[in-house]
Amino acid sequence: MAILSSCALALSTETSPDTPRDALAATASYSYYLAQEATLRWLPAGDPAFFGNEGPDFVLSARSGWTARRAGQGTATLATRSGAARYALDVRFAVLPARVFERMFRAHAQPTTAKASPYGAVPPLSGVRINDGELEGTVETVSPSMCAGHFDGYPALPVAILMGFLSNAVGQLHASMCSESADYLVSHGEISAEHLVFAGSRLTLRAHCLAREERDWTYGCEALDPEGRRCGHKKIRLR
């Protein structure tokens, strides 16, 4: 959903009076779209079946616009084939012209080769420990294959994969805290990606339960680099 929003932003011609979009385009042959914050909203009221009797097919749409010379935001919606909206994702982007991005991150430049898409499955965490409502695990090494296509010459972990690691941590913690195995859905999520995680990095993930009220469980999870700097965070409510 975030990728679709970034595509919509790249194609958007909407600008505010103080947003010289043409000036940005004139300074670079291409730009990097970096998702920084996002909010996931579950749209239906009550607890209807997620897709009813329509099967697993769904339709994605997105609308984005520029909020500043190097910033934009968008909303992507996931709906059933009949048009019933189920989720919306609001995303805020920083947009860096290639020359700016390459100057900022030239220390991380390395050759890359085209490989299979990394979005098929998120690798499992290593060394998972769960104790007293808290989980800690690691990604020992962010491999170039996890970063395929993101970005050419500057392999960095896609935000979707980083959030996948965080979701896996929350899922394992939630399973350990529930007395019975049960399906659940994500009813709300708040996401932030503070720093790019480049290939070769090691990550520590920590998750803990923030609150429980009837059927709702709220968890927080963060990813830290070896210096203890937070690279990403997710607050998620399950039902």
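Buried means under 20% relative accessible area, exposed means over 50%, and partly exposed covers what falls in between. Keep that scale in mind for R92: its relative accessible area is 35%, so R92 is partly exposed. One caveat up front: this is a predicted model.

**Overall layout**

The protein chain has four helices and ten strands. Reading from the N terminus, the elements go α-α-β-β-β-β-α-β-β-α-β-β-β-β. Of the chain's 239 residues, 39% count as buried. As for contacts with a separation of 6 or more, 70% of them come from residues 24 or more positions apart.

**Salt bridges**

Searching the whole structure turns up eight salt bridges. Here are three of them, with the closest N to O distance for each.

| Acid | Base | N to O distance |
|---|---|---|
| E37 | R92 | 3.4 Å |
| E136 | R206 | 3.2 Å |
| D225 | R229 | 3.1 Å |

Back to R92, then. R92 sits in strand β4 (residues 85-97) and its partner E37 in strand β1, with their positions 55 residues apart, so to speak: the pair links distant parts of the chain. E37 has a relative accessible area of 43%, so E37 is partly exposed as well.

The E136 and R206 bridge also links distant parts of the chain, with E136 in strand β6 and R206 in strand β8, 70 residues apart. E136 comes in at 25% relative accessibility, which puts it in the partly exposed class. R206, at 38%, is partly exposed too. This bridge belongs to a bigger arrangement: R129, E136 and R206 are linked in a network of salt bridges.

What about D225 and R229? D225 has a relative accessible area of 11%, so D225 is buried. R229 has 41% and is therefore partly exposed.

**A buried lysine with no salt bridge**

K234 lies in strand β10 (residues 230-238). K234 is buried yet has no salt bridge, and the nearest side chain of opposite charge, E190, is 12 Å away. A salt bridge needs the nitrogen and the carboxyl oxygen within 4 Å. What K234 does have is a polar contact of 2.5 Å between its side chain and that of S167. Leaving aside residues up to four places away in sequence, K234 touches M163, L166, S167, E190, I191, Y219, G220 and C221.

**Aromatic pairs**

The whole structure contains nine aromatic pairs. Take Y32 and F151: their ring centres are 5.0 Å apart and the planes sit at 80 degrees, so this pair is edge-to-face. Y32 is in strand β1 (residues 31-42) and F151 is in the loop between β6 (134-139) and α4 (159-177), 119 residues apart, so the pair links distant parts of the chain. Both Y32 and F151 are buried.

F105 and F198 make another pair, with ring centres 5.4 Å apart and planes at 50 degrees, so this one counts as tilted. It links distant parts of the chain as well: F105 is in the loop between α3 (98-104) and β5 (126-131), while F198 is in the loop between β7 (186-193) and β8 (203-213), 93 residues apart. F105 is buried at 16% relative accessible area, and F198 is buried at 5%.

Which residues do the ring pairs link into a cluster? They are Y30, Y32, F101, F105, F151, Y154 and F198.

**The nonpolar core**

The largest nonpolar core has 27 residues, and V139, V142, L157, F165, L203 and L205 have the most contacts inside it. β6, α4, β8, β9 (216-224) and β10 each supply at least two residues of this core. α4 gives the most, with eight residues.

L157 is worth a click in the viewer. Not counting residues up to four places away in sequence, L157 touches V142, M146, C147, H150, L162, F165, V197 and L203.

**One more spot**

A68 lies in strand β2 (residues 59-68). Is A68 buried, exposed or partly exposed? With a relative accessible area of 30%, A68 is partly exposed. The C-alpha atoms of A68 and V95 are separated by 9.5 Å, and the two residues are 27 residues apart along the chain.

Technical notes:
Residues are numbered from 1 along each chain as its sequence is written. Side-chain values use heavy atoms; hydrogens and water are left out. Rings of Phe, Tyr and Trp (its six-membered ring) pair if their centres lie within 6.5 Å; planes under 30 degrees apart count as stacked, over 60 as edge-to-face and the rest as tilted. Buried means under 20% relative accessible area, exposed over 50%, partly exposed in between (1.4 Å probe, protein chains only). Lys and Arg count as positive and Asp and Glu as negative; His and the chain ends are not counted. A polar contact is a pair of N or O atoms within 3.5 Å; within protein, one must be able to donate a hydrogen and the other to accept it, and residues adjacent in sequence count only if both atoms are side-chain atoms. Contact means heavy atoms within 4.5 Å. A nonpolar core is a set of buried Ala, Val, Leu, Ile, Met, Phe, Trp, Tyr and Cys residues joined through side-chain atoms within 4.5 Å.
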